[in-house]
Amino acid sequence: MKKTILVIGVAVIVVGLLIAAWIYVMFFGTPRELPDLSNPFGFGGSEQGQPLPQEPVVATTSTANPVVNVTGKPLRQLTTRPVIGYRELTQTGTSSILLYAEAGTGHVYSIDLTTGAESRRSGTTIIEAAEAVFSADGAFVVYRSGYNRVAKTVIGTMSSTTDSLTTNELGELAENMHIEGNEVLFYSVRGNSAIGKSRNLRSGASKTLFTLPMSDPVVLWGRGETADHFIYPKPSYLLPGYVYRVGSGGGLTRLPVSGFGLSAFRSGPFVGISTVDPGEERYETTIIDTFDNTIIDGLGAFIPEKCASSLEILGRIWCVQGNSSAAFGYPDTWHRGQVVNNDVVVELFFTATSTTITTLVDTLTDSGRTIDGFNHSSGPDGTNLYFINRLDNTLWLYDLDN
Amino acid sequence: MLRVFLCLCLVVLSTPLYAAAQVTGSLIGSGPSLDLSPRYPEPNQLVTVSLNDYANNAGGGTIRWFVDGQELPESTNQRQISIVSGPNGKNQLVRARVTTQDGLALNVEHTITPYYLDLIIEPQTRVPVHYTGRALPSVESQVNVSAILSAPLSPNQLIYSWRINDTVLYSGPVLGQNRAVFTMPQGSAIVSVSVSSGERLLASRSIEIFNTEPIVHFYATNPLYGVSRLPVHERLILLGSSATVRAEPYYLDLATYNAPDFLEWTVAGGVSGTRTSNPYDLTVTRSGIGNVGFHVRNLTQVLQGTQGGFAVE
């Protein structure tokens, strides 16, 4: 009897302890960290893996504008949005401002090049915005709207109080647009001719500048409607090209240079011409001083579509180096997108007596990315060089002072 | 009557004959002339001037050369000299003074007036809107060509004579016809133009242009951002489930591009395609690996066509 009571009592105590333990674990116990078992025997060094810190997740809403990296390495990517046009504005205050237009929407953004702050300046949508040019004061932006040949030209006037544009159509399709002061310079095609024109963006007055006996030229605009402009037919490696100066009266003066695959760039009176010899597969650049038709050659090869000239210093040009040994079909293969360039940017400086070429940056080595730039231009004070990467249409900057 | 006729013959036969160059002095046989190579030089171009005097055979006599009145002593007794033409539109007088062994002196002159005469070739074949190069001609495609002369004269004051290979265009010289349109033949085309002012031939130029076979490249399109500038290289890797691709048949004659007799997209494997309002666009939807093909052609001018394709992954 006593034995039975003892056994029952022990059993009850054990069950009670188990119940108590269960209650304690369920309602009062706290989880402990498990010991690290990544290297239980200590092989492979003494480093121990650390567990991830347990940070509380707090939902936040931020109203701060995105900040672009405008410091650091000289070569910087400014946007992740695809860009169809941009311009560094003429500085009026202490900050330098860059405006750019987003592809497809035409929305305009500004980047403060001192602080990196980015803000939207216009939320007005331009349907199928394919190309944009800005005035130097940022008051106007002119768009090509439409991805096909049935497109139109839209003139946008920026508002100083709201993030919207006032728009009106030009009435004709403008090609090869460029804004100088308050004038937008362009040409329109009529039959087999290209008509060079200017339109005052403030007054709306239009003027015919010249008529060209070709329908698809490239125009290297001068500094204003009365300046000299240079024109040439678009390049192809199988067709000869020529360069002409168009004077203020519209007359054409042929420059003493020609060649297959011809394309050109300019800095004031200096015109650089690159041509290809399809048989020899050679690509080379010649510079001509149009004051006296002095020719400078033996410089190597530069790609005119990737050149920009200084707005301050005559004869200072930035270009991308080309390959003197051009594969058959170049430059057409580049224009079709079959060939992608890894840009090496150089600076050329011409005077009456000397020529200097300085390599600035190998973009592939510097950024680790393929950069095939186009639409190059410099800021008004020559401290920055800008271009759009053809691979993704992002906007890039190279700090020339750094 | 017979006496009058004989007198007339004597007058005609004793009149000095003028060939391409002016010649003074008595002639023996046909007159000498100066031949240029190139015949119509451009400004500041090296020109070879040759004395064509084989009938009289000045060999044994002396030949002296003068350019704008200045003698070239180093070229004495040479039948050929090389000079550099002057600036655009500036006359340059070249004279050869031939003295035969009999003492007969002949002056042969030629005035060189160099001009640029450029031919701007603009084939009317398809290239994308974003293409920054020039279109090339293909067989049976239309080609526009413009002539630009560097003389200070309006094209409306000049007479143009056009020829494509051996075919004369517009039935002959036409006043103000500084542009020509022709259909590209097979092989190549030698485009020639001569420009005259009144009776005087100012310049002549020829250029040979070659056919290019149309080729198709495919570009991804985005309804917001437009057409990519870089083509699909053999395979399209879809990050999403679908993408729209545009076929661009480079150098296809515009008439064929705008109204093709035959245009077909083919899909095979784990892909399907949906046509859009633009027959050159296809929306590709992937459920596996597949291939997309494209073919466009003019069934009358069968060389006006191209085909290609790409893989989809």
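# Chatting through a two-chain model

Student: Okay, which strands make up the open sheet with β6 in chain A, and in what order?
Tutor: Four strands of chain A build that open sheet, lined up as β6-β7-β8-β9 with antiparallel pairing. Strands here are DSSP runs of E with at least two residues, helices are runs of H or I with at least four, and both are numbered from the N terminus. Two strands count as paired if DSSP finds at least two bridges between them.

Student: Is this a predicted or an experimental model, and how is stuff numbered?
Tutor: This is a predicted model, where local features need pLDDT of at least 70 and side-chain atom pairs count only at pLDDT 80 or more, while totals for chains, interfaces and linings use all residues. Residues are numbered from 1 along each chain as its sequence is written, and chains are lettered from A and ligands numbered from 1 in the order in which they are written.

Student: Back to that sheet: which strands stand at the edges?
Tutor: Those are β6 (129-134) and β9 (165-169) of chain A; each has a single partner strand, so one side of each is left without a neighbour in the sheet. On average, neighbouring strands in this sheet are turned by 25 degrees against each other, direction ignored. For such angles, axes are lines fitted to C-alpha atoms (for helices, over the stretch in contact), and the range is 0 to 180 degrees between N-to-C directions.

Student: How many bridges hold β6(A) and β7(A) together?
Tutor: Five bridges, with β6(A) and β7 (residues 140-145) of chain A in the antiparallel sense. Across them, Ala132(A) has Tyr143(A) in β7(A) as its bridge partner.

Student: What's the strand order in the open sheet with β22 in chain A?
Tutor: There the order is β22-β23-β24-β25, again four strands with antiparallel pairing. Its edge strands are β22 (302-309) and β25 (355-362) of chain A, each pairing on one side only. From one strand to the next, the twist averages 30 degrees. Seven bridges link β24 (residues 344-350) of chain A to β25(A), in the antiparallel sense. Leu348(A) stands opposite Ile357(A) in β25(A).

Student: What does Cys319(A) touch?
Tutor: Not counting neighbours within four places in sequence, its contacts include Leu348(A), Phe265(A), Phe302(A) and Val346(A). Contact means C-beta atoms, placed from the backbone, within 7 Å.

Student: Switching topic: which residues touch the most others in the largest nonpolar core?
Tutor: That core has 131 residues, and Cys319(A) is one of those touching the most other members, together with Ala132(A), Val142(A), Val243(A), Ala264(A) and Val195(B). Domain 2 (117-210) and domain 3 (215-312) of chain B both give residues to this core, so the core lies between them. There's also a second, separate core of twelve residues, with Val49(B), Leu51(B), Val94(B) and Val108(B) among them. A nonpolar core is a set of buried Ala, Val, Leu, Ile, Met, Phe, Trp, Tyr and Cys residues joined through C-beta atoms within 7 Å. Buried means 20 or more other C-beta atoms within 10 Å of a residue's own, exposed means 12 or fewer, and partly exposed is in between, with C-beta atoms placed from the backbone.

Student: How far apart are the centres of domains 2 and 3 of chain B?
Tutor: Their C-alpha centres lie 34 Å apart. The contact takes 13 residues from domain 2 of chain B and 13 residues from domain 3 of chain B. On the domain 2 side, those are five nonpolar, six polar and two charged. Nonpolar covers Ala, Val, Leu, Ile, Met, Phe, Trp, Tyr, Cys and Pro, charged covers Asp, Glu, Lys and Arg, and the others, Gly among them, are polar. The domain bounds come from an automatic or database domain assignment.

Student: And how many residues does each chain give to the contact between A and B?
Tutor: Chain B gives 32 residues and chain A gives 33 residues. In chain B, β9 (117-123), β10 (142-149), β16 (200-210) and β18 (226-231) are the elements giving two or more residues. The largest share on that side, five residues, comes from β18(B).

Student: Why is β9(B) called largely enclosed?
Tutor: Because six of its seven residues are buried. Seven bridges join β9(B) to β10(B), and the two run antiparallel.

Student: Last one: is Asn91(B) buried or exposed?
Tutor: Asn91(B) is exposed, because just 10 other C-beta atoms lie within 10 Å. Asn91(B) sits in the loop between β6 (80-84) and β7 (92-99) of chain B. Leaving out residues up to four places away in sequence, Asn91(B) touches Thr111(B) and Thr113(B).

Methods:
Two residues are in contact if their C-beta atoms, placed from the backbone, lie within 7 Å.
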